[in-house]
Amino acid sequence: MDKLKKVLSGQDTEDRSGLSEVVEASSLSWGTRIKGFIACFAIGILCSLLGTLLLWVPRKGLTLFAVFYTLGNMASIGSTIFLMGPVKQLKRMFEPTRLIATILVLLCFALTLCSAFWWHKKGLALIFCILQSLALTWYSLSFIPYARDAVKKCFAVCLA
């Protein structure tokens with residue numbers, strides 16, 4: 001616990017840990033960045049929930065769902081920019097271990113919005129929202145050591 005306090009207060013003179021690099025990544029204070037993260041993440045969750053509630057609106061419900069759900073997911077991913085800073089966030093998103101997952105997430109965001117606004121295909125928008133959820137799950141698992149391998153083995157056992 002003392003080590004964490006030293007790192008957070010900037011008094012750690014030993015080797016540079018990942019947390020100290022995160023603290024120095026932005027000109028915002030640590031408390032401000034935590035508040036920004038929580039606010040942005042909460043907005044993302046609220047947009048996703050609002051989209052789910054709007055799903056039941058006649059005629060435009062599925063389009064509103066696709067838009068708010070996508071905006072909510074974008075805000076949730078964007079919330080981590082407060083913790084790492086924009087440059088480090090982009091670097092981590094496009095690391096080789098999560099490059100494909102990042103591309104799939106961004107592609108699903110774009111295709112969801114295209115199917116809602118330009119193609120006016122509600123069924124396609126719903127399919128892309130489902131794919132968006134799966135891609136975001138796979139992307140999120142890339143931040144947990146060995147989580148993807150565990151999921152792969154679980155599915156292999158279940159399907160065997």
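In what follows, Ala, Val, Leu, Ile, Met, Phe, Trp, Tyr, Cys and Pro count as nonpolar, Asp, Glu, Lys and Arg count as charged, and the others, Gly among them, count as polar. By these classes, the lining of the largest pocket holds nine nonpolar and six polar residues and no charged residues. The structure discussed here is a predicted model.

## Overall fold

The protein chain has nine helices and zero strands, and its pattern, read along the sequence, is α-α-α-α-α-α-α-α-α. Of the 160 residues in the protein chain, 32% are buried. Among the contacts with a separation of 6 or more, 55% join residues that lie 24 or more positions apart. The accessible surface of the protein chain comes to about 10400 Å², and carbon and sulfur atoms account for 73% of that area.

## The largest pocket

The largest pocket encloses about 330 Å³ of space. It is lined by 15 residues, of which Phe-41, Ser-76, Ile-77, Leu-136 and Ser-140 are the closest to its centre. Two or more lining residues come from each of helix 3 (30-54), helix 4 (61-78), helix 5 (80-84) and helix 8 (122-141).

One of these central lining residues, Leu-136, has its place in helix 8. Leu-136 counts as buried because its relative accessibility is 12%, below the cut-off of 20%. Setting aside residues up to four places away in sequence, Leu-136 touches Asn-73, Ile-77, Val-105 and Phe-109; Ile-77 is, like Leu-136, among the residues closest to the centre of the pocket. The C-alpha atoms of Leu-136 and Ala-101 are separated by 7.6 Å, although these positions lie 35 residues apart in the numbering of the chain.

## Helices 3 and 7

With 25 residues at 1.5 Å a residue, helix 3 should span 36 Å, and because its end C-alpha atoms are 36 Å apart, the model agrees with that expectation. The buried residues of helix 3 are Arg-33, Gly-36, Cys-40, Gly-44, Cys-47, Ser-48, Gly-51 and Leu-54. An α-helix has 3.6 residues a turn, so residues three or four places apart point the same way.

Helix 7 (residues 99-117) has 19 residues and reaches 27 Å from its first C-alpha to its last, close to the 27 Å expected at 1.5 Å a residue. Its buried residues are Ala-101, Thr-102, Val-105, Cys-108, Phe-109, Thr-112, Leu-113, Ser-115 and Ala-116, and these pack against helix 4, helix 6 (86-93), helix 8 and helix 9 (147-159).

## Buried positions in helices 3 and 4

Gly-51, which has its place in helix 3, is buried, with a relative accessible area of 0%. Apart from its neighbours within four places in sequence, Gly-51 is in contact with Leu-64, Phe-65 and Phe-68. The C-alpha atoms of Gly-51 and Gly-72, which are 21 residues apart along the chain, are separated by 8.5 Å.

Tyr-69 is found in helix 4 and counts as buried at 16% relative accessibility. When residues up to four places away in sequence are not counted, Tyr-69 touches Cys-47, Ser-48, Cys-129, Gln-132 and Ser-133; of these, Cys-47 and Ser-48 are buried residues of helix 3. The C-alpha atoms of Tyr-69 and Leu-49, 20 residues apart along the chain, are separated by 7.5 Å.

Thr-63 also lies in helix 4, where it is buried, with a relative accessible area of 18%. With residues up to four places away in sequence left out, Thr-63 touches Ala-116 and Lys-122, and Ala-116 is itself among the buried residues of helix 7.

## Loop residues with positive phi

Most residues other than glycine have a negative phi. The two residues tabulated below have positive values although neither is a glycine.

| Residue | Place | Phi | Relative accessible area |
|---|---|---|---|
| His-120 | loop between helix 7 and helix 8 | about 55° | 59% |
| Tyr-146 | loop between helix 8 and helix 9 | near 65° | 69% |

Exposed means over 50% relative accessible area. His-120 therefore counts as exposed at 59%, and Tyr-146 is likewise exposed, with a value of 69%.

Terms used
Residues numbered from 1 in each chain as written. Predicted model: local features only at pLDDT ≥ 70, side-chain atom pairs only at ≥ 80, totals over all residues. Heavy atoms only, no water. 1 Å grid on protein atoms, 1.4 Å probe; cavity = no way out; pocket = protein on both sides within 12 Å on 5 of 7 lines; lining within 4 Å. Points joined across faces, edges and corners; volume = space filled by probe spheres on them. Helix = DSSP H or I, 4+ residues; strand = E, 2+ residues; numbered from the N terminus. Buried < 20%, exposed > 50% of the residue type's maximum accessible area, 1.4 Å probe, protein only. Contact = heavy atoms within 4.5 Å. Areas by Shrake-Rupley, 256 points an atom, 1.4 Å probe, with all protein chains shown as cover. Expected span 1.5 Å × (residues − 1).
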